[in-house]
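Work through the exercises below with the sequence and the model open. Each task is followed by a solution in steps.

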Amino acid sequence: MARSTPTRTGPVLLRYASLYWHFLLQRFKVLLEYRVNFIVGAASTIATQAASLLAIWVVMRQVPSLNGWRYDEVLLVYGMITVALGINHMFADNLWTVGRVYIRTGGFDRFLVRPINPLFHLLADRFCQDGIGNFLVGLALIIKASLALQLDWTPLKLLYLLIAVLSGGAIFIGLNLLTCVSCFWIMDSVPVTRLAFEMHEFAKYPLSMYHQSIGVVLTWLVPFGFASFYPASYLLGRDVGILAWLSPLVATVLLVIAYRVWLWGLRHYSGSGS
Amino acid sequence: MTLALRRRARVYGAIAAMVPKTFLAYTIWVWMNWFTQIVALIIFVFFWRAVYANTNAINGLTLGQTLTYVLLARLLSPLVENTNTISFFGSLLRDGQLSMELLRPLDFQAGAYAQRIANLLMDLALQLPIALVAIVFFRLRVTLDPLVWLSFVVTALLGFSTLFFFDWIIGCLAFYITEIWGLSVLRYGVSNLFSGLLLPLVLLPDGFRQVAEALPFAQALYLPVSILSGITPLSDVPRLWLQQVVWLVSLLVLSRFAFSRAVRKVTVQGG
């Protein structure tokens with residue numbers, strides 16, 4: 001399927017970047033047509049996040065720390081995973097809906113006859129505006145936490161933060177891609193994806209709060225720890241050893257594995273008959 | 001001959017294979033729901049243990065009391081999480097079902113209420129495995145006093161009905177704004193905090209507690225769960241019931257009024 005066999009990767013990347021831009025423009029035209037939905041979508045994610053954040057605030061203003069983590073330190077962890085979640089939500093939300101919207105209706109076949117990578121086509125087909133809310137909430141939390149903790153943002157540390165949240169987004173996308181492959185067999189992959197996705201809830205808080213086994217799962221099995229806890233620990237000057245530096249590596253390995261599995265699933269795709 | 005036969009076998013085989021596939025799809029949903037709830041339970045338990053690491057009581061609640069409350073609130077979350085009433089209106093207008101519903105020789109609201117009660121009982125039954133997990137792994141212990149249970153059931157029913165009428169009023173807004181999804185998400189977010197799903201409301205600071213008391217969400221979850229977990233003593237129950245009945249009657253009247261007004265505005269989108 002992904003057999004465009006690039007002779008030189010440069011021009012191919014450039015072509016895909018410009019294609020993505022065209023898809024995005026089309027999508028924004030649709031969004032502008034339904035402005036209220038656009039605002040409601042972004043606001044709804046903010047409202048849901050606000051409820052959990054208020055609950056944390058209410059509780060933590062009455063105790064000095066959560067297992068040694070101060071309120072603003074917890075917010076940094078929470079903010080980093082939420083930015084990563086927002087990135088995934090904006091750019092890869094179609095990994096959730098591929099079964100229901102594309103495979104069951106037969107719309108997926110359209111991707112297979114076009115001269116571009118079907119996965120790229122699937123992702124570019126819909127920029128999800130609801131994710132903007134998550135992204136902004138996460139960003140606000142990181143800024144709020146840095147101000148309160150008086151974090152010293154050197155350019156290198158900013159670069160570290162940028163790579164960490166991008167890796168976090170990639171970890172979300174990798175896990176969703178890996179699990180969405182099940183849609184080639186069971187049509188609707190949402191429940192399967194949700195199983196892995198739900199684990200990110202753990203990573204909203206410092207992993208040291210939980211039983212050790214949960215930390216191991218969140219590090220090596222569904223590696224959301226690399227999207228929040230480990231990089232946040234490093235930024236806060238807490239020693240987590242080599243784990244502070246592994247986020248990009250973990251994200252890359254996960255994406256490569258997920259893409260391989262996706263290609264394998266694609267070979268087993270036989271259409272829904274509709 | 002054999003080729004045609006084999007072809008048929010393949011075609012009908014594929015059709016038959018759809019049955020287990022569909023069945024599997026629904027079962028997976030149930031399992032997924034259980035899994036996400038267990039994840040939430042685990043996070044809650046560890047979160048509260050960490051909160052109580054350096055203190056014995058917060059606003060008079062011990063770790064044991066808070067955990068009992070929080071676990072029960074999670075298990076009984078169908079009492080407030082059921083936003084079907086709102087989306088029900090959205091779909092009625094979208095596919096034009098409303099005109100059919102109104103022609104039936106029975107009370108439209110009463111019919112919907114009966115369905116929501118059945119929904120609730122089914123959702124609660126599905127929570128039983130989670131309750132088992134909470135009892136076995138998180139040592140959830142609940143009183144066996146029949147009087148407490150009776151008070152709990154009555155309070156829960158009163159509160160659930162109140163919330164049904166509240167959602168009904170919000171649903172009526174669909175007649176005016178046609179797109180109801182955003183409102184139902186907002187309702188979900190606000191009720192998460194103010195129903196007492198995330199924490200016992202006695203922990204809220206004063207201002208928030210007043211907001212919680214002015215909204216109907218606590219009626220359906222916080223009141224019954226705080227009775228069952230022993231945070232609210234039985235002696236308070238008669239006063240609470242009185243208050244709940246006032247809530248219930250006012251929202252019942254208001255919801256009937258709202259619907260009779262809204263239905264004049266009806267513009268069905270298709271069907």
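The exercises cover a helix, a cavity, two residues and the cysteines.

This is a predicted model, in which local features need pLDDT of at least 70, side-chain atom pairs count only at pLDDT 80 or more, and totals for chains, interfaces and linings use all residues. Residues are numbered from 1 along each chain as its sequence is written, chains are lettered from A and ligands numbered from 1 in the order in which they are written, and side-chain values use heavy atoms, with hydrogens and water left out.

**Exercise 1.** Compare the span of helix 14 of chain B with the expected one.

*Solution.* Helices are DSSP runs of H or I with at least four residues, numbered from the N terminus. Helix 14 of chain B covers residues 237-262, which is 26 residues. The expected span is 1.5 Å times one less than the number of residues, here 38 Å. From first C-alpha to last, the helix reaches 36 Å, close to that value. Its buried residues (under 20% relative accessible area, 1.4 Å probe, protein chains only) include B:Leu240, B:Trp247, B:Leu251 and B:Phe259.

**Exercise 2.** Describe the largest cavity and its lining.

*Solution.* A cavity is a set of points on a 1 Å grid over the protein atoms alone where a 1.4 Å probe fits but cannot get out; lining residues have an atom within 4 Å of a point. One cavity of 30 Å³ or more is present. The largest has a volume of about 60 Å³, a volume being the space filled by probe spheres set on the points. Helix 8 of chain B (residues 146-172) gives the most to the lining, with four residues. By class, the lining has four nonpolar, two polar and three charged residues; B:Arg116, B:Asp167 and B:Arg187 are among them.

**Exercise 3.** Is A:Thr193 buried or exposed, and what does A:Thr193 touch?

*Solution.* A:Thr193 lies in helix 10 of chain A, residues 190-197. Its relative accessible area is 1%, so A:Thr193 is buried. Leaving out residues up to four places away in sequence, A:Thr193 touches A:Trp96, A:Asn176, A:Thr179 and A:Cys180 (heavy atoms within 4.5 Å).

**Exercise 4.** How many disulfides are there over all chains?

*Solution.* A disulfide is a pair of cysteine sulfur atoms within 2.5 Å. By this rule, the count is zero over all chains. For A:Cys128, the nearest cysteine sulfur is that of A:Cys180, 15 Å away. The sulfur of A:Cys183 has its closest cysteine sulfur in A:Cys180, at 5.0 Å, which is too far for a bond. A:Cys183 is buried at 1% relative accessibility, and A:Cys128 is buried at 2%.

Technical notes. Helices (H or I, at least four residues) and strands (E, at least two) are DSSP runs, numbered from the N terminus. Buried means under 20% relative accessible area, exposed over 50%, partly exposed in between (1.4 Å probe, protein chains only). On a 1 Å grid over the protein atoms alone, a cavity is a set of points where a 1.4 Å probe fits but cannot get out, and a pocket is an open set with protein on both sides within 12 Å along at least five of seven lines; lining residues have an atom within 4 Å of a point. Ala, Val, Leu, Ile, Met, Phe, Trp, Tyr, Cys and Pro count as nonpolar, Asp, Glu, Lys and Arg as charged, and the others, Gly among them, as polar.
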